Amino acid sequence: MNKIKNLVLFVLLVLQAALIAFLYRPGQNTAPAAANLFKALSPAQLTGLVITDDQGKSISLIKKEGWQISQGEFPADQAKIEGLIKKLADMKSSRLVSQTSGSHARLKVADSAFNRKVELNLGDAKTVFFLGTSPSAKSIHLRLAEAKEVYQINDLAAWEVQTDKESWWQSKYVSQPAANLTGLTIANAVGVIELSYDATKKAWQLKDSPEVALDTKRLETLINSVSDITTAAYLAKDFSPKGQPLATVTYQAKEGAATTLQIWAKTKQEDNDQAVKVSSSPFYAKIKEYAVKDALEIRREALIATPVEGASAESPAPPVPAGQPAP
């Protein structure tokens, strides 16, 4: 009797082992590969982007010749928008958090309770998703509209999808890399400075006095200050400044026509911003006073190198140290 019982137990053990081996044979317990949440999404496809926050405030970004903020048609930051699109295109469905609609409000990804609602316009098609709570500083919960699944997404935060225009407009108002400039003219209340770049000598010089030695450090500071300017705010297309500009900066690059930047007086003495207009943009902008201070106040004399006291062309050669041959 015991032999029969042991035999039955042995057969059951063998069957159990065979079943386990079958269920866990190579390739059977591999999780399905994570799929892209946003299929075939690329910057070239997107024609519009609308972001709404939990207070109902929204911003609309539209793509024409380049990206614009629809409210005012201000130029938008192309690199920032395309960077966000690339992050979305790379997102995978690898971290499933919930599959129940009851969790949506708690995770702030519900249709009426969310941290961010984002609409992607791809021609006539539209993709909508919600961003909710953040389990960590570098992750956030995401749900596609009309789907129950909620995913944890890494490398994205709510601050990257703000609804204020300042977060999205093109902050670089003047960008004239010094390496591309061949000429620079500054006309202000104290005179006119015309500079040209000598490619042979690889040095800047006064256009009318190329033999005059210039203070290279002071010159570098000046060129940097006027060739890379960030806007504090854009002004409406119908804005019109009062009076004549206080200063005009003209940039001549290796290619293309000359670009000009005009600077006007502050509307009020206590203001920290000044109105400016660069010829490459349809918009006037507000620029911090310190950013254009050099262009407003620079004098020609400030760029000329100060000769070393007591040194002249007729000065005798310095004495030769003992033990060295005379030159």
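These are my notebook entries on a predicted model, taken in the order in which I looked things up.

**Entry 1: overall make-up**

I began with the whole chain, and for the secondary structure of the protein I found 4 helices and 19 strands. I then looked up burial, and of the 327 residues in the protein, 35% are buried. For the contacts whose separation is 6 or more, I noted that 56% join residues 24 or more positions apart.

**Entry 2: the nonpolar cores**

I next asked which residues have the most contacts inside the largest nonpolar core. That core has 62 residues, and the ones with the most contacts inside it are Phe38, Leu120, Tyr173, Leu195 and Leu261. Helix α2, which covers residues 78-90, gives the most to this core, with 5 residues. I also found a second, separate core of 6 residues, which includes Leu107, Val109, Phe130 and Val150. As background I wrote down that in soluble globular proteins nonpolar side chains tend to be buried together.

I picked out Leu261 for a list of its neighbours, leaving aside residues up to four places away in sequence. With that exclusion, Leu261 touches Tyr173, Val174, Ile229, Ala247, Thr248, Val249, Tyr251, Val276, Lys277 and Val278.

**Entry 3: helices α3 and α4**

I turned to helix α3 (residues 216-227) and helix α4 (residues 289-297), whose axes come within 9 Å and cross at roughly 125 degrees. Because of that angle, I recorded α3 as oblique to α4. The crossing of α3 and α4 is left-handed.

Which residues of α3 and α4 meet? From α3 I listed Arg218, Thr221, Leu222, Ser225 and Val226, and these meet Ala291, Asp294 and Ala295 in α4. Sorted by type, the residues of this contact between α3 and α4 divide into 4 nonpolar, 2 polar and 2 charged.

I then looked up which residues of α4 are buried, and they are Val292, Asp294, Ala295 and Leu296. What covers the buried residues of α4 includes α3 together with the strands β11 (181-188), β16 (247-253), β17 (259-263), β18 (273-278) and β19 (284-288).

**Entry 4: two residues with a positive phi**

My reason for checking phi is that most residues other than glycine have a negative value. Glu146, which is not a glycine, has a positive phi of about 70 degrees. I located Glu146 in the loop between β8 (139-144) and β9 (150-154), and I noted that Glu146 is exposed, with a relative accessible area of 84%.

Asp155 is another residue other than glycine with a positive phi, in this case near 65 degrees. Asp155 lies in the loop between β9 and β10 (172-175).

**Entry 5: Thr163**

I stayed with the loop between β9 and β10, where Thr163 also has its place. Is Thr163 buried or exposed? I found Thr163 to be buried, since its relative accessible area is 7%, and the cut-off for burial is under 20%. Leaving out residues up to four places away in sequence, Thr163 touches Ile51, Thr52, Asp53, Lys57, Ser58 and Ile59. I also noted Arg116, which is 47 residues from Thr163 along the chain, with 9.2 Å separating the C-alpha atoms of the two.

**Entry 6: Gln205**

Gln205 lies in strand β13, which is made of residues 203-206. With a relative accessibility of 13%, Gln205 counts as buried. Its contacts, not counting residues up to four places away in sequence, are with Glu194, Leu195, Ser196, Asp198, Pro210 and Leu214. Of these contacts of Gln205, Leu195 had already appeared in my list for the largest nonpolar core.

**Entry 7: two glycines in loops**

I looked up Gly66 in the loop between β2 (58-63) and β3 (67-69). At 21% relative accessibility, Gly66 counts as partly exposed, the limit for a buried residue being under 20%. From C-alpha to C-alpha, Gly66 and Gln78 are 7.3 Å apart in space, and they are 12 residues apart in sequence.

Gly243 is found in the loop between β15 (233-234) and β16. Gly243 is exposed, and its relative accessible area is 57%. I noted lastly that 7.8 Å separates the C-alpha atoms of Gly243 and Trp264, which are 21 residues apart along the chain.

Terms used. Residues are numbered from 1 along each chain as its sequence is written. This is a predicted model: local features need pLDDT of at least 70, side-chain atom pairs count only at pLDDT 80 or more; totals for chains, interfaces and linings use all residues. Side-chain values use heavy atoms; hydrogens and water are left out. Axes are lines fitted to C-alpha atoms, for helices over the stretch in contact, and angles run from 0 to 180 degrees between N-to-C directions. Angles under 35 degrees count as roughly parallel, over 145 as roughly antiparallel, 65 to 115 as roughly perpendicular and the rest as oblique. A crossing is left-handed if the near helix is turned anticlockwise from the far one by less than a right angle, and right-handed if clockwise. Contact means heavy atoms within 4.5 Å. Ala, Val, Leu, Ile, Met, Phe, Trp, Tyr, Cys and Pro count as nonpolar, Asp, Glu, Lys and Arg as charged, and the others, Gly among them, as polar. A nonpolar core is a set of buried Ala, Val, Leu, Ile, Met, Phe, Trp, Tyr and Cys residues joined through side-chain atoms within 4.5 Å. Buried means under 20% relative accessible area, exposed over 50%, partly exposed in between (1.4 Å probe, protein chains only).
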